Amino acid sequence: MSDLLSLVQARAGAAPVRLGLILGSGLGHLAAAVQGVAIPYADLPGFPHVGVSGHNPNLVIGDLEGVRVAVFGAREHYYENGNPAAMRPALELLKALGAEALIATNAAGSLRPDIPPGELMLLSDHLNFSGLNPLIGEKTDARFVPMGDAHDPALRAALRAAAEAEGVALPEGVYTWYSGPSFETPAEIRAIKILGGDAVGMSTVPEVILARFLGLRVAAISTITNMAQGMSDEKISHEHTKAMAPLGAAKLERVLRRFLRGV
Ligand code: HPA
C-alpha cells in the first residue's frame with residue numbers, strides 16, 4: 001500500500017482527499033468534470049484490469065466543486081474474474097488518501113413502476129442475492145462488519161437535500177446484487193420483488209461491504225436504465241444499459257455537484 005500511495009501522491013499531490021466516487025456503467029464521463037490528474041488503472045499496482053465497455057479505467061484525483069475527490073472511473077465486477085474483493089486495493093488506497101466517505105454509482109434495472117428508466121434511486125439498503133462476500137478469507141475480527149447503517153443516514157439525507165434543491169426526484173429503495181453477467185430471469189425478478197428489492201444490478205454491494213470494513217461512510221445511487229426482466233416489453237441488453245445511462249447521468253451530476261457544495 002505505501003508504494004501505491006507514494007506513486008499516487010507523487011502524481012496527484014499529497015493533499016488529503018475527502019471523498020471517493022465510483023462511476024458505474026455509462027457514467028464514466030463524470031470523471032472529466034474533475035479538475036485534476038488522471039492516472040490509468042494500468043499504472044496502479046493491484047488495480048483492476050477492467051474490460052467492461054462503457055467504463056473509463058482511470059483514477060482521477062482533483063477538485064470538484066471545491067472538494068478534493070478521487071474518482072474511480074471504472075470498477076471490476078464479480079462477473080469479470082470471479083473476485084468479489086477486486087475493488088479492495090482501490091478502496092484501501094482511498095482510505096489511505098484520507099477520504100472519509102465513498103459514493104458509489106451504478107446502472108440498475110427497476111422493479112418499481114414509479115421509478116422508471118432515466119430516473120435515479122438512492123440506496124436505502126441492499127440485498128445480497130449472490131451469496132458472495134468480499135471479506136471471505138479476511139483473517140482479522142474486523143471482518144465481522146455491522147451492516148445496520150451501512151448506507152449512511154447522514155450522507156443519504158444530504159444527497160436527498162441536494163436532489164431536492166436541484167428539483168431532481170431521488171426516491172430511496174433497496175438495491176439487489178445479482179452476480180451477472182447474464183441478466184435475471186423473470187422468476188428471479190419476481191423472487192427479488194417478494195424479498196423486498198426495488199432495483200437490481202451487478203455491482204456496488206461488495207464495495208459497500210469493503211468500504212464499511214475500512215471505516216468509510218458510504219452512500220450509493222443507481223441510475224435506472226430499464227425495467228427489470230418481465231416488467232416491460234423492452235429488451236434488456238448491455239447496449240441498452242449504456243445507451244440509457246446518460247439519461248440519468250446528467251441528473252446525477254447535478255445532484256453530486258450540489259451535494260459537494262454543501263460538504
Ligand atoms: N439487471 C442487472 N443489472 C443491470 C440491469 C438489470 O436489469 N440493468 C442495468 N444493470
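**Group meeting: how this chain is packed**

Let me begin with contacts, and with the reminder that this is a predicted model: among the contacts in the protein chain with a separation of 6 or more, 83% are accounted for by residues 24 or more positions apart.

As for the elements, the protein chain holds seven helices and nine strands. Its radius of gyration is 17 Å, close to the 18 Å that the globule rule gives for 263 residues, so the chain is as compact as a globular protein of that length. If you would like to picture the outline, the C-alpha atoms fill a box of roughly 50 × 45 × 35 Å, taken along the principal axes.

Now we can turn from the outline to the inside, where 52% of the 263 residues count as buried. Which residues touch the most other members of the largest nonpolar core? In that core of 46 residues, they are V8, F47, L59, F72 and L94. Helix 6, which runs over residues 205-213, gives the most to this core, with six residues. A second, separate core has 32 residues and includes L19, V34, I103 and L260.

It is worth pausing at L94, which, if we leave out residues up to four places away in sequence, touches V17, L19, G20, A70, F72, A99, A101, L102 and L216.

Finally, the outside: the accessible surface of the protein chain comes to about 10,400 Å², and 54% of that surface belongs to carbon and sulfur atoms. The chain carries 22 positive and 26 negative charges, and the mean positions of these two groups are 3 Å apart.

Technical notes
Residues are numbered from 1 along each chain as its sequence is written. This is a predicted model: local features need pLDDT of at least 70, side-chain atom pairs count only at pLDDT 80 or more; totals for chains, interfaces and linings use all residues. Side-chain values use heavy atoms; hydrogens and water are left out. Helices (H or I, at least four residues) and strands (E, at least two) are DSSP runs, numbered from the N terminus. The radius of gyration is taken over C-alpha atoms; the globule rule is 2.2 Å times the number of residues to the power 0.38. Buried means under 20% relative accessible area, exposed over 50%, partly exposed in between (1.4 Å probe, protein chains only). Contact means heavy atoms within 4.5 Å. Accessible areas come from the Shrake-Rupley method with a 1.4 Å probe; for residues, only the protein chains shown count as cover. Lys and Arg count as positive and Asp and Glu as negative; His and the chain ends are not counted. The place of a charge is taken as NZ of Lys, CZ of Arg, CG of Asp or CD of Glu. A nonpolar core is a set of buried Ala, Val, Leu, Ile, Met, Phe, Trp, Tyr and Cys residues joined through side-chain atoms within 4.5 Å.
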